[in-house]
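User: Could you take a close look at the salt bridges in this structure for me? I'd like to know which residues pair up and where they sit.

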Amino acid sequence: MSFLPLLAAAPGGPQMSGWQAQLINLAPLFLIFVVFYFVLIRPQQQRQKKLAEMIGGMAKGDKVVTSGGMVGTVWAVRDNEDTVVIQVADTRLDFLKSAVVQVIKPGK
């Protein structure tokens, strides 16, 4: 004797239609997407926006750190190009603005 048919057919219980069952099956997937958005995607977008504002506000005399770890002072910002001239000791080097990962304003 098998008990599976007795469990499968609950007498008198409400039956779900096809779209309700599909909605219940998709709810965990939607919940996972919402969690990923707030935990991973949104904070990364905020960091990118903050970095873009920081690079856009770069001016002569600011101390900067490049992605290679070089620390120097901004000598000139070329707006028509995407480059910045950084002075390290007595040497001036051209870097892409995207290579700058941190801007330290004087007096901070």
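Analyst: This predicted model holds 2 salt bridges. As a bit of background, side chains of opposite charge can pair when their charged atoms come close.

Let's start with lysine 105 and aspartate 62, whose side chains meet with 3.0 Å from N to O. These two come from distant parts of the chain, 43 residues apart. Lysine 105 is in the segment after strand E5 (100–104), while aspartate 62 sits in the loop between helix H2 (18–56) and strand E1 (63–66). Now check how much of each partner is accessible. Aspartate 62 has just 3% relative accessibility, so it counts as buried, the cut-off being under 20%. Lysine 105, on the other hand, is partly exposed, with a relative accessible area of 32%.

On to the other pair: aspartate 94 and arginine 78 join their side chains in a salt bridge at 3.6 Å, N to O. This one also links distant parts of the chain, 16 residues apart. Look for aspartate 94 in strand E4 (residues 91–96) and for arginine 78 in strand E2 (residues 71–78). Arginine 78 is partly exposed, at 32% relative accessibility.

While you have helix H2 in view, find leucine 40 there. Leucine 40 is partly exposed, with a relative accessibility of 47%. It belongs to a nonpolar patch on the surface, together with residues including Leu31, Phe36 and Ile41. The whole patch has about 880 Å² of accessible area.

Terms used: Residues are numbered from 1 along each chain as its sequence is written. This is a predicted model: local features need pLDDT of at least 70, side-chain atom pairs count only at pLDDT 80 or more; totals for chains, interfaces and linings use all residues. Side-chain values use heavy atoms; hydrogens and water are left out. A salt bridge is a side-chain nitrogen of Lys or Arg within 4 Å of a carboxyl oxygen of Asp or Glu. Helices (H or I, at least four residues) and strands (E, at least two) are DSSP runs, numbered from the N terminus. Buried means under 20% relative accessible area, exposed over 50%, partly exposed in between (1.4 Å probe, protein chains only). Patches are made of residues with over 30% relative accessible area and no salt bridge: like charges are joined within 9 Å, nonpolar side chains (Val, Leu, Ile, Met, Phe, Trp, Tyr) within 5 Å. Accessible areas come from the Shrake-Rupley method with a 1.4 Å probe; for residues, only the protein chains shown count as cover.
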